[in-house]
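Here are some quick notes on this one before you set anything up with it. Have a look at the model first, then read on.

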Amino acid sequence: MEWNNWGPGTLDGGFRPTARIVEKVPAHQGTVLEDTETGFTGAVLRVEKSGGVHLVVLEDRRGRTKSFPLGYGFLVDGEPVEVVAPAPGGTYGASPAKPARTASGSVRVDHARARTARASRIWVEGLHDAELVEKVWGEDLRLEGIVVEPLHGVDDLAGAIRDFSPGPQRRLGILVDHLVTGSKEERIAAEAMKVPGARGNVLIVGHPYVDVWQVIKPAVLGIGAWPVVPKGQDWKTGILAGLGWPHRTKEDIGLGWKRLLSQVRTYADLEPTLLGRVEEVIDFLTVDSST
């Protein structure tokens, strides 16, 4: 939030409001509000009365709800507003309809603008990883203001983190392929976490698969299991050959991936081992706006 929106405090500790006119915003169902005190951001479910106080009930992208008194202390698109009860016939006292869901299973927030990108980032190993994350979690990430960037390999992960200079307001969530005990990737991740500023500001997680292709459930492709690739053969070439698809050129590899990705509709098409890790990263990067 921009603190200069709020006007100066007096020298005796009191607060002097600015001359700026604050817009009154009716608490219509689906309106996205951010509470300035807690940072909680969510869509309006309803307005209700409790203990003589009118409350607005918000639901965030993970389905969590919180209630706040109507009035000042909210932002809409980064601008301070006064939230008021909707006119008769609006959402006051109404039971909310079952919320729509995004491809990741999160609550869809309709008519919300993408949040300005945070300094924090999600790093993934390559372009295919980034495209898969975007397809399933893209709607959520735009609402949260999180950008996904491909690393094109993690061999110098420590150097990349050092160049990024992580900190409390500049965090990194990193998703690594084949992050299993005793692997090269595990050693790389351990060294990367020794970079100054990494501890507490960088989270490295991973899935056990050789490549992100394998996080797509075989049943989605109409097969019982992924083809087994003999040692010494390029893995992606071997997978496409095992599927009976074109596999001889770089273009074949790209088209094969597009064909695989086209079969993914929602989080239910992916292995749980990836789902949990991506949600963990998102939570890590958005903890300041979801507490």
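What is the mean pLDDT of the protein, and what share of its residues reach 70 or more?

1. Confidence first. This is a predicted model, with a mean pLDDT of 84 for the protein and 83% of its residues at 70 or more. Two stretches need a flag. Over residues 1–19 the pLDDT stays under 50, and the model gives them 22 contacts beyond four places in sequence. Residues 90–96 are also below 50, with 17 contacts beyond near neighbours in sequence. Where pLDDT is low, the predicted coordinates should not be read in detail.

2. Overall make-up. The protein has six helices and eleven strands. Of its 291 residues, 43% are buried. Take the contacts between residues at least 6 apart in sequence: 65% of them join residues at least 24 apart. The accessible surface is about 15,400 Å², and carbon and sulfur atoms account for 54% of that.

3. Strand β11. This one (residues 202–206) is largely enclosed by the rest of the structure, because five of its five residues are buried. Both faces are covered, with Val202, Ile204 and Gly206 on one side and Leu203 and Val205 on the other. Its parallel partner is β10 (residues 172–176), joined to β11 by five bridges; within that pairing, Gly173 is matched with Leu203. Add helix α3 (residues 184–192) and you get a right-handed β-α-β unit made of β10, α3 and β11.

4. Salt bridges, buried pair. There are eleven salt bridges in the structure. One of them joins Glu144 and Arg118, with the closest N and O atoms 3.5 Å apart. Glu144 belongs to helix α1 (residues 127–144) and Arg118 to the loop between β7 and β8, so to speak 26 residues apart along the chain. Glu144 counts as buried at 9% relative accessibility, and Arg118 is buried too, at 11%.

5. Salt bridge into α3. Asp155 pairs with Lys184, the closest N and O atoms being 3.6 Å apart. Asp155 sits in the loop between β9 and α2 while Lys184 is in helix α3, so the pair ties together parts 29 residues apart in sequence. Asp155 is exposed, at 65% relative accessible area, and Lys184 is partly exposed, at 43%.

6. Salt bridge after β11. Lys236 and Asp211 form another salt bridge, with 3.5 Å between the closest N and O atoms. Lys236 is in helix α4 (residues 235–243), and Asp211 is in the loop between β11 and α4, 25 residues away. Here Lys236 is partly exposed at 22% relative accessibility, whereas Asp211 is buried at 12%.

Note on methods
Residues are numbered from 1 along each chain as its sequence is written. This is a predicted model: local features need pLDDT of at least 70, side-chain atom pairs count only at pLDDT 80 or more; totals for chains, interfaces and linings use all residues. Side-chain values use heavy atoms; hydrogens and water are left out. pLDDT is the predictor's confidence in each residue, from 0 to 100. Contact means heavy atoms within 4.5 Å. Helices (H or I, at least four residues) and strands (E, at least two) are DSSP runs, numbered from the N terminus. Buried means under 20% relative accessible area, exposed over 50%, partly exposed in between (1.4 Å probe, protein chains only). Accessible areas come from the Shrake-Rupley method with a 1.4 Å probe; for residues, only the protein chains shown count as cover. Two strands pair if DSSP finds at least two bridges between them. A crossover is right-handed if, with the strands pointing away from the viewer, the path from the first strand over the helix to the second runs clockwise. A salt bridge is a side-chain nitrogen of Lys or Arg within 4 Å of a carboxyl oxygen of Asp or Glu.
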